[in-house]
Amino acid sequence: MNRINLITLGVRHISDAVDFYRKMGFEASIMGHEDAIEIVFFRMNGSKLALYPLEKLAGETGLEAVDTEGRFNGITLAYNAKSKAEVDQVLKRAGEHGGEVISPPAPTEWGGYSGYFADLDGYCWEVAYGADWEFDDNDMLII
């Protein structure tokens with residue numbers, strides 16, 4: 001295994017989560033009806049992001065769903081920006097649409113510029129910029 005095709009986030013209120021991610025700029029493919037959403041897939045360059053009801057996702061794994069609201073769950077997602085201004089804009093947008101900016105943008109020890117926001121379910125996103133970064137044709141960071 002050498003790739004991740006899909007990242008699925010278990011969410012408490014799927015319609016609220018869909019609304020938040022749409023406002024952040026994601027394009028959604030919804031399975032089910034707007035009033036009874038079963039699962040949502042967001043089209044992205046590179047990999048895909050999905051939202052699924054937390055209890056159902058936990059049931060599929062055979063594990064108990066644990067409420068981690070207000071606590072770090074050990075996972076971060078990242079958006080690599082192409083400028084410091086874009087970092088500021090993304091974090092501002094997240095805060096305006098119900099997310100929480102948990103670490104304001106600032107210079108980093110590695111020479112970049114970065115901040116964090118938590119989405120409606122507490123999933124942490126780093127929004128970062130590096131002056132030397134290069135991107136491929138899918139806007140994925142070349143590492």
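Is K92 buried or exposed? K92 is exposed, with a relative accessible area of 56%, and I should say at once that this value, like the others today, comes from a predicted model.

Let me stay with that residue for a moment. The side chain of K92 meets that of E96 in a salt bridge, at 3.8 Å from N to O, and E96, at 52% relative accessibility, also counts as exposed. Both residues sit in helix α3, and because they are four residues apart there, about one helical turn separates them.

That pair belongs to a count of five salt bridges, and I would like to go through two others, which link parts further along the chain.

One of them joins K82 and D139, whose closest N and O atoms are 2.6 Å apart. K82 is in the loop between β5, residues 76-80, and α3, residues 84-96, whereas D139 is in the segment after β8, so this salt bridge ties together parts that lie 57 residues apart in sequence. Both ends count as partly exposed, K82 at 44% relative accessibility and D139 at 42%.

The other joins R12 and D121, with the closest N and O atoms 3.6 Å apart. Here R12 comes from the loop between β1 and α1 and D121 from the loop between β7 and β8, so the parts tied together are 109 residues apart in sequence. R12 is partly exposed, with a relative accessible area of 33%, while D121 is buried at 8%, a value under the 20% cut-off.

What else does D121 touch? Leaving out residues up to four places away in sequence, D121 is in contact with V11, R12 and A17. In addition, a polar atom of the D121 side chain lies 2.8 Å from the backbone nitrogen of R12, so that R12 meets this aspartate through its backbone as well as through the salt bridge.

Now to the sheet that includes β1. This is an open sheet of four strands, in the order β1-β4-β3-β2 and with mixed pairing. Strands β1, residues 6-11, and β2, residues 27-33, are at the edges with a single partner each, and therefore one side of each has no neighbour in the sheet. Ignoring direction, neighbouring strands are turned by 20° against each other on average.

The pairing of β1 with β4, residues 48-53, is parallel and runs over six bridges, and within it L9 has L51 as its bridge partner. Helix α1, residues 14-23, packs on this sheet, where it touches β1, β2, β3 and β4, and its direction makes about 25° with that of β3. Helix α2, residues 54-61, packs on the sheet too, touching β1 and β4, with its direction at about 100° to that of β4.

Notes. Residues numbered from 1 in each chain as written. Predicted model: local features only at pLDDT ≥ 70, side-chain atom pairs only at ≥ 80, totals over all residues. Heavy atoms only, no water. Buried < 20%, exposed > 50% of the residue type's maximum accessible area, 1.4 Å probe, protein only. Polar contact = N/O pair within 3.5 Å; in protein donor to acceptor, adjacent residues only side chain to side chain. Contact = heavy atoms within 4.5 Å. Pairing = 2+ DSSP bridges. Helix = DSSP H or I, 4+ residues; strand = E, 2+ residues; numbered from the N terminus. Axes fitted to C-alpha atoms, helices over the stretch in contact; angles between N-to-C directions. Salt bridge = Lys/Arg side-chain N within 4 Å of Asp/Glu carboxyl O.
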